[in-house]
Amino acid sequence: MIQVQQGLSPPFFAFAPVKTAIQAELTADDRPPVKLVSITAPTGYGKTVLQSAMYEHYRAAGAECHWLALDDRDVSVQRVLGHLETILVPRDGEVEPAQALHQGDESIDERIATLIEALALVSDPTVIFIDNLNYCTDETLDPLIDALVFRTPSWAHFVLSSTGDQSFDRARAKLEGRVRLVGFSDLSLSEAETEQLLGASLCARLSQDAVRAIVRQTEGWPAAVRLMQIILNAAESPEAALSQFSGADEDLAALLNRQVLQGFDAASRKFLLEISLLRTFGVNLSQHATGDAHAAAHIQRLLKQNVFVIPLDRRRSWYRLHSLFREFLIDEAQRQIPLDRRRQLLCRAAEWCEHAGRWQDAIDYALDADAAELAVGILERVAVMFVRDRGDLHQYIEWAEKLHAMGVRGGWEVDYWYVWALVFHRRYEYARRQQEKFSERIRSEADSSGRREEAQLLQRRIEVIGFAIDAYTDHLARAYDNGMRWLERTGGDDPFDVATIVVGSCFYKIGDFELVDARGMLRMAQSHIAQAQSSYGEAWVATATAAVQLHEGDFPLAHQDLLAALSKSKATLGDNAGITSTLALEAAKSAVEMGLDGEARDLLAMGMRRIQSHGLVDTAAFGLDAAIKLWDGAAAGGLSVGQFREIAAAYPPRLSLMLSCFLIRRLLRLGRSDEALAEAAQIGLVPERGYESFRLAERDSIACMRSLVAAVQIELDIVGGRLKQATALIAEETRLARADGRYGRLVELALDEAAVSLCSHNPAPAARHLARAVGLAAKRRYLRPFRDRGEMVAALVNETKSKDWGFALDEDRRFFAEICRGLPVSAGDAIEGVDASALAETPTARELELLSLVEAGLSNQQLADRLSVSVATVKWHLYNLYTKLGVSSRGAALARARALNLLVR
């Protein structure tokens, strides 16, 4: 059986199309003359014919051409995007089921951004044709068309056709010379073009007056001319047949269509009316649906008589009827074919399509026939494929809700995947209600159906859905409690389900800073993921592991592990996978804390692609924290504060609160204290009232949130001169951070103490606090807080002699020297004693080889290729080399190496 992927190539016309003036204009070059050719005209004006001619011309000229034809099911922008993604977005192998199960549904904006990225990679020139755009009535189509017209590279062109006006920014497109509007007047046939379409043999049988009469009556409408050609060709006397049309007050199209239909015998007419119910048809489908053993002969006759039957593939095994002709036939079928017969035809078509693997057509035909039982049966068999494997959530939800509107519930699997589809579509609360109804249904049906064991297994799978809803809606305590109860009864469950529960529960422990317990849970998750053999699951375990490391302040280890996990995720799941973006966000957090700002920006660019559709509050928070720390007060990586707020708004409220805390701290660093206080007031943090007005919501009151709010309070108190309050809170936070093993937070608190001492005009203890912060930060490469408080550190260095620092370790001295080299230090002797000229550890031979290649100007990828290692391994070697040299960049490494005569000339 030949499977035809509909709509991916233009139709093949049985007649020779007329080369019109507009076609000549648009095919004068090897690509369209403008960015967008917008063709708008009623049905039958040859829009598809024109597009097909353009397609063949540009393709023959060497352009990369893509064709998409919509039909009456393509009413939503999600459907249009899905078709475009099929054409343009490269697939990195099959989507892993586990990945589809948790990555969520991408927003329209994210999917459009992915298309834009894909178009940036296509060849020059590329022309994309979309026929029948009028079927999409979704108001969110406008941003898609605008994005294609204004945000794609210059070598991407679009040819769109519709029966109604196309929605896009016409004024801007005209002003910038991006659009050629083609209307019905451009498509109407002239007298010469009408003669071409009628053909030489027919024109020879007609007088010139008769030809002019055809032009006058049809007003250049190509479909009407084609209908007349069919009728007059078959007539013994064409002019006599033509005369009966003069003065007719009936709609011309209906009259001509009826005349065409009368040209067939009763059996052929019946066959035509019946197959008009099918969107596309072939011999086998037509024969099975109609029960007519002569289906092949009927189709051949239609083709021979040059009726409006359009082949869809080069082998001419699949066809469709011209829209104008089919509309007429469907209307006639409603009158002439009994309802029971129409339903029987559609049911038989559904059965054939399912057997042939054309599942979407199968379900649509069953629903069109109101055959609920048949639709349920097919849906039961394809649910997993549509929801989990293909992620076609909108389509599946639409089918399920059509059944619900008919008062029909599907089988257990149908409802199970319906609830999952709602979760993926981020309809969490509605999904929860449907989950509860589904659970009740299973309980009530289990005893009566004798399916108790099956019901018990299904109930556990449903509980995993409930856990996922709780995790995604930030009800972490409830998710944890339910997860622990679920794990107590584990046995025979899918290993991935077990790992899902464990990793989700682990994030609750991480958020409460119970990091030792979290590590124990991660070991359990890793063992089950190993059984599941899931790359997606491995990546999720990596995100949780990194979250522990980041809270502990072990940024080098987190960075190393995240880069390795990110590399693997890109290789196995693809650059556009949601989990790839989530890993990139965490990696950006580790990079920004180590002072690797350029790398952090690159990682954020990758992570922000899917931040609004993948991840938990805490993983998204890592990315926003990194982005805000790179924010210069105007923009960060192309994003504004307003866009950061939009991202946070896509999540439960806790992320917006965290974002405000990040912003307050950053605004204070930038010296914009008035704005910081205004932001604080918006979330209820009013220092003058002692923060009495601020209360965390019960579900937000976890350790990580309390710690973040405390950090903001401390910094607001220091800026506001409330040093006594700040000192007390610092002492309490230091006790908690030490107990939890959060060394990164201890660095920040030591710097807070230094700031309090300086504000108290007591620089001696301030230097001791700074030295303690350096000692804690050195081995963790925690450079960011020193950079953020650069003025304070510089003031201390300028007022203190090197002998007063008392660093016991070379590592601490080198790290302090690195801090100072990036600051406005005026007293050179302050760092003279800590910037040792000798190296504490000599670089290895491999590191010296790497250094010479760096001097030659090789990029990280080129280094990896030359040394036959991964880019992540190269970065790790460079990090070790930079540490030994006491630097943080390539340029500094080369300068230091030359000073020490490490480079061989």
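A charge sits over a ring if NZ of Lys or CZ of Arg is within 6 Å of the ring centre and within 35 degrees of the ring normal. The model is predicted: local features need pLDDT of at least 70, side-chain atom pairs count only at pLDDT 80 or more, and totals for chains, interfaces and linings use all residues. Residues are numbered from 1 along each chain as its sequence is written, and side-chain values use heavy atoms, with hydrogens and water left out.

**Exercise 1. Find what sits over the ring of Trp486.**

Solution. Start at Trp486. The charged end of Arg460 sits over this ring, 4.0 Å from its centre. Now go to Trp318. Arg358 lies over its face, at 4.0 Å from the ring centre.

**Exercise 2. State how many aromatic pairs there are, and which residues ring pairs link into a cluster.**

Solution. Take the rule first. Rings of Phe, Tyr and Trp (its six-membered ring) pair if their centres lie within 6.5 Å. The count comes to 12 aromatic pairs. Then look for linked pairs. Tyr55, Tyr58, Trp67 and Phe129 form a cluster.

**Exercise 3. Describe how H27 and H28 pack.**

Solution. Helices are DSSP runs (H or I, at least four residues), numbered from the N terminus. Axes are lines fitted to C-alpha atoms over the stretch in contact, and angles run from 0 to 180 degrees between N-to-C directions.

Step one: locate the helices. H27 covers residues 495–511 and H28 covers residues 515–532.

Step two: read the geometry. The angle is about 165°, and the axes are 8 Å apart. H27 and H28 are therefore roughly antiparallel (over 145 degrees).

Step three: find the contact (heavy atoms within 4.5 Å). H27 offers residues including Phe496, Val502 and Lys509, while H28 offers residues including Leu515, Met521 and His528.

Step four: sort the contact residues. There are 16 nonpolar, 3 polar and 2 charged. Nonpolar means Ala, Val, Leu, Ile, Met, Phe, Trp, Tyr, Cys and Pro; charged means Asp, Glu, Lys and Arg; the others, Gly among them, are polar.

**Exercise 4. Repeat this for H30 and H32.**

Solution. H30 spans residues 555–572 and H32 spans residues 597–607. Their axes come within 14 Å and cross at roughly 40°. That makes H30 oblique to H32 (neither under 35, nor over 145, nor 65 to 115 degrees). Now list the contact. His559, Leu563, Leu566 and Lys570 of H30 meet Glu599, Leu603 and Met606 of H32. By class, this contact has 4 nonpolar, 1 polar and 2 charged residues.

Terms used
Rings of Phe, Tyr and Trp (its six-membered ring) pair if their centres lie within 6.5 Å; planes under 30 degrees apart count as stacked, over 60 as edge-to-face and the rest as tilted. Helices (H or I, at least four residues) and strands (E, at least two) are DSSP runs, numbered from the N terminus.
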